[in-house]
Amino acid sequence: MTEARSTAPSYRALLEVPTLGRVILSMQLARVAQSMVSVAIVLFALAEYQSAAVAGIVTFASLFPGIVLSPLAGALLDRHGRVRLIGLDYLVAMTTMLLVGGLAIAGLLSETLLVIIAAISSVTGPLSQTGLRSLFPLMTPRHLWERVNALDSSGYVVATIIGPPTAALLVALVGPRLAVMAIGIPYLIAAIAIVGVREPPSAPSSSGRLLPDAWAGLRYVWGNRSLRGLGFSISTLNISGGMGTIVVPVIVLEHLGGSEAVVGLVFALSGIAGIISVALAGRIDSRRREWRLLVLPMIPMAPVTLLLLVAAGATEAALGYLALAACLVGLGLLNGPMDIGLFTMRQRRTDPALLGRAFAVSMAFNFLGYPIGAAIGGLLAATSLDAAIWLAVGACAALPGVVFASDVPAP
């Protein structure tokens, strides 16, 4: 493990870790692009096919195959290194964005073809997502893990501030087809930024065969009490998050009469709140506090999510926007300490020899609820928006019970 010159845990000390700055830059560019995709693809489907159901199915297809194949991705990361495979995923993502926009302009993009392209693009997704998250504990000293985890988490919230408004503005200015193609640019720059980064040496445990290594990762996560419990808990939470990806644009566009740009601005509120929350939570020494950081913010999530119902049923647009803003700001504030607790718990309770495989399976397990929630949310929103929102609230309300039932151990 690379040791920084400074032993004091601070954000400035991270700058002393060789090449970490380039990795963070690449990560941030790619996450902005990913955040743009999550909004642009929904607006694209709503504009091209006038269907919330198609938007939900495409979101599901863009995520679920990668989740299923994540054990193989983890084995590849442990055997062949992370940096090259992270760059490969960025290039694949760039290519699929260009393909979607180009085929739509040519009039050749059917709903089925869009779903197929989205599914193909998801296959390499775990290479960058898991690759980055398992690279950070290798590059940084242990006493800086809370700080680098805060940067990791804030990378998502910064992306939420920048990505959705940018994507929505592009859709409004140049149309959904060119907007989707433009997302390829940050992916390309992210791939260039990570070229030449030296990966710290590690000693992964490997059988020398891909499928047995992938199976070993699955068995390890299922047998690890902490990782198994996190998987059930966070995947339940992500059902609500996936549904929100579909529900929020529908509320703004169809119930409040807003524009695509407003959709992006609303999502950005969650990011602004999140970055404040993460910056503060990252200063906490999480040792023996991971469980509280993870579980306590789950308790108010159901009533906060219930504000979506107020927004959808508001008779005045101002009241609807106020409820929507309060919901997303509240969720952003709650996610900060949860992320720090989740990341540090997983790092401290995973065998370093299995980082790639364990992180790939764990992250996929955690994220499983998101594409499922998006697919269900799209189908329900097409007939009953209220039903979609109530299901999201129910998932949040079940969270504390799922945590205890799935046996997430307190330190």
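**Entry 1: helices α5 and α12**

I started with α5 (residues 70-80) and α12 (residues 210-223), whose axes come within 8 Å and cross at roughly 110°. I'm working with a predicted model, where local features need pLDDT of at least 70, side-chain atom pairs count only at pLDDT 80 or more, and totals for chains, interfaces and linings use all residues. Numbering starts from 1 along each chain as its sequence is written, and side-chain values use heavy atoms, with hydrogens and water left out.

A note on terms: helices (H or I, at least four residues) and strands (E, at least two) are DSSP runs, numbered from the N terminus. The axes are lines fitted to C-alpha atoms, for helices over the stretch in contact, and angles run from 0 to 180 degrees between N-to-C directions.

The crossing angle makes α5 roughly perpendicular to α12. For angles, under 35 degrees counts as roughly parallel, over 145 as roughly antiparallel, 65 to 115 as roughly perpendicular, and the rest as oblique.

I also checked the handedness, and α5 passes α12 in a right-handed crossing. Right-handed is when the near helix is turned clockwise from the far one by less than a right angle, and left-handed is when it is turned anticlockwise.

Which residues make the contact? On α5 I found P71, L72, A75, L76 and R79, and on α12 L210, L211, D213, A214 and L218. Contact here means heavy atoms within 4.5 Å. Sorted by class, this contact has 8 nonpolar, no polar and 2 charged residues. Ala, Val, Leu, Ile, Met, Phe, Trp, Tyr, Cys and Pro count as nonpolar, Asp, Glu, Lys and Arg as charged, and the others, Gly among them, as polar.

**Entry 2: helices α2 and α3**

Next up were α2 (residues 20-49) and α3 (residues 52-61), which pack at an angle of about 140° with their axes 8 Å apart. That puts α2 and α3 oblique to each other. Their crossing is right-handed.

I listed who meets whom: I41, V42, A45, L46 and Y49 from α2 touch A52, V54, A55, V58 and T59 from α3. By class I got 9 nonpolar, 1 polar and no charged residues in the contact of α2 with α3.

I then looked at the loop between α2 and α3, where Q50 is found. Q50 has a positive phi of about 50° although it is not a glycine. Is Q50 buried or exposed? Q50 is exposed, with a relative accessible area of 62%. The cut-offs: buried means under 20% relative accessible area, exposed over 50%, partly exposed in between (1.4 Å probe, protein chains only).

T19 sits in the loop between α1 (11-14) and α2. Its phi is near 60°, again a positive value in a residue other than glycine. T19 counts as partly exposed, at 27% relative accessibility.

**Entry 3: aromatic rings**

How many aromatic pairs are there? I count 6 aromatic pairs. The rule is that rings of Phe, Tyr and Trp (its six-membered ring) pair if their centres lie within 6.5 Å, with planes under 30 degrees apart counted as stacked, over 60 as edge-to-face and the rest as tilted.

F60 and F64 form a stacked pair, 4.8 Å centre to centre with 15° between the planes. F60 is partly exposed at 26% relative accessibility, and F64 is partly exposed at 27%.

In another pair, the rings of F232 and F365 have their centres 5.1 Å apart and their planes at 75°, so I logged it as edge-to-face. F232 lies in helix α13 (residues 225-255) and F365 in helix α19 (residues 355-367), so the pair ties together parts that are 133 residues apart in sequence. F232 is partly exposed at 35% relative accessibility, while F365 is buried at 17%. Ring pairs also link W222, F232 and F365 into a cluster.

**Entry 4: two residues in α19**

I stayed in helix α19 for N366. N366 is buried, with a relative accessible area of 4%. Not counting residues up to four places away in sequence, N366 touches L230, G231, I234, S235, N238, L342 and R346.

G356 is in helix α19 too. G356 is buried, with a relative accessible area of 0%. What does G356 touch, leaving out residues up to four places away in sequence? I found G74, D78, R82, T130 and S134. Last lookup: G356 and N149 are 207 residues apart in sequence and 17 Å apart in space, C-alpha to C-alpha.
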